[in-house]
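Colleague: Got a minute to walk me through this one? I'd like to ask about a few spots while we both look at it.

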Amino acid sequence: MIEVHHLKESRSRRITWMLEELGQEYAVISYDRDPQTRLAPPELKKIHPLGKAPVLRDKEEILIESGAILEYLIAEYGNGKFVPEKGSTDYYRYLQFMHYAEGSAMLPLLLKLYVSRLGEAGAPLHPRINSEIANHLGYLNAELEGRDFFVGNELTGADVQLSFVVQIGVRSAGRDAFPNLTRFVDMIEARPAYQRAVEKNGE
C-alpha cells in the first residue's frame, strides 16, 4: 500500500489528487502541527530525517519533494499518461513548470505568509513581496491564455504541481484579478479525481 505522510495545512493535496487520477490505492497518515511553533511533530522525522511533508513511501522507496513524488508516481503508474513525450517541445515546457512551481513561484507566497507574522516590523517588505506575487501570477495567467492546461491539451503533472500556487494566488488576489487562473482552479477542482481526494482526506 502506498503511504502519503501528510502534515496538516501543507501541500499534500497534489499527491493525493494525482493518486486518484492514477487510480491507485493509498493510505494517508496525518500529522498535526505544533500549535505554538506551527512546526511538524518529531514523529515525522521517523519517516524522513528532515521532518517535512509530504513524504511518499512505496515499496522500498521513500521520497520527499512534491515534484519528485509526482514524477515518481507518473513514471511508475502513469502508463504514458500525465507527461508529454520525452524530447518534445511540450516535454521541456513540462520540465520547466515542474521546477518553476516550487523553485520560483512559491517563494513570494511563503514570504508573504511569514512576513505577515512580523506585524509592523515586516511592513517595509510588503510592497516588494506583493510585486513579486503579481509578477508570477500575471505570468501564469498569460501562459493560460487560450488554453486549458499549462502543457498540451490534457492534464499533466505540471498542472498538478502548479495547482497549489494557482489556488493560493486566486484566493489571495480574488477571482477577478487573473481570470485565466480562476478558470483553471474551477476546472481542476471540478475533476472527479480531485473531488475524491477532498472527500477522502478533507480540504
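**Helix H6 and its surroundings**

Modeller: Sure, and keep in mind that this is a predicted model. In H6, the buried residues are Asn-180, Leu-181, Thr-182, Phe-184, Val-185 and Ile-188.

Colleague: What covers the buried residues of H6?

Modeller: Helices from other parts of the chain contribute to that cover. Buried residues of H6 include Phe-184 and Val-185. The cover includes H1, H4, helix H5 (157-173) and helix H7 (192-201).

Colleague: Are H4 and H6 roughly parallel or roughly perpendicular to each other?

Modeller: Helix H4 spans residues 126-143 and helix H6 residues 179-189, and their axes are 7 Å apart. The contact involves Leu-137, Leu-140 and Asn-141 on the H4 side, with Pro-179, Asn-180 and Leu-181 on the H6 side. The packing angle is about 70 degrees, and angles of 65 to 115 degrees count as roughly perpendicular. So H4 and H6 are roughly perpendicular.

Colleague: Over to the strands: which residue in E2 is the bridge partner of Glu-3?

Modeller: Strand E1 covers residues 2-7, and 5 of its 6 residues are buried. E1 and strand E2 (residues 26-31) run parallel, joined by 6 bridges. Between them the chain passes through helix H1 (residues 13-22), in a right-handed β-α-β crossover. In E2, the partner of Glu-3 is Ala-27.

Colleague: And which residue in E3 stands opposite Glu-3?

Modeller: Strand E3 (residues 55-58) runs antiparallel to E1, with 3 bridges joining the two. Opposite Glu-3 in E3 stands Arg-57.

Colleague: Is Thr-16 buried or exposed?

Modeller: Thr-16 is found in helix H1, and its side chain reaches the backbone oxygen of Arg-13 at 3.2 Å. Beyond its neighbours within four places in sequence, Thr-16 is in contact with Val-4, Tyr-26, Val-28, Ala-197 and Asn-201. Its relative accessible area is 3%, and buried means under 20%. So Thr-16 is buried.

Colleague: How does Ile-62 count, as buried or partly exposed?

Modeller: Ile-62 is found in strand E4 (residues 61-64). Not counting residues up to four places away in sequence, Ile-62 touches Ile-47, Val-55, Leu-56 and Arg-57. Its relative accessibility is 39%, and the range between 20% and 50% is partly exposed. Ile-62 therefore counts as partly exposed.

Colleague: Last one: how many Å apart in space are Ile-62 and Leu-137?

Modeller: Leu-137 is one of the H4 residues in the contact with H6. In sequence, Ile-62 and Leu-137 are 75 residues apart. C-alpha to C-alpha, the distance in space is 32 Å.

Conventions
Residues are numbered from 1 along each chain as its sequence is written. This is a predicted model: local features need pLDDT of at least 70, side-chain atom pairs count only at pLDDT 80 or more; totals for chains, interfaces and linings use all residues. Side-chain values use heavy atoms; hydrogens and water are left out. Buried means under 20% relative accessible area, exposed over 50%, partly exposed in between (1.4 Å probe, protein chains only). Helices (H or I, at least four residues) and strands (E, at least two) are DSSP runs, numbered from the N terminus. Two strands pair if DSSP finds at least two bridges between them. A crossover is right-handed if, with the strands pointing away from the viewer, the path from the first strand over the helix to the second runs clockwise. A polar contact is a pair of N or O atoms within 3.5 Å; within protein, one must be able to donate a hydrogen and the other to accept it, and residues adjacent in sequence count only if both atoms are side-chain atoms. Contact means heavy atoms within 4.5 Å. Axes are lines fitted to C-alpha atoms, for helices over the stretch in contact, and angles run from 0 to 180 degrees between N-to-C directions. Angles under 35 degrees count as roughly parallel, over 145 as roughly antiparallel, 65 to 115 as roughly perpendicular and the rest as oblique.
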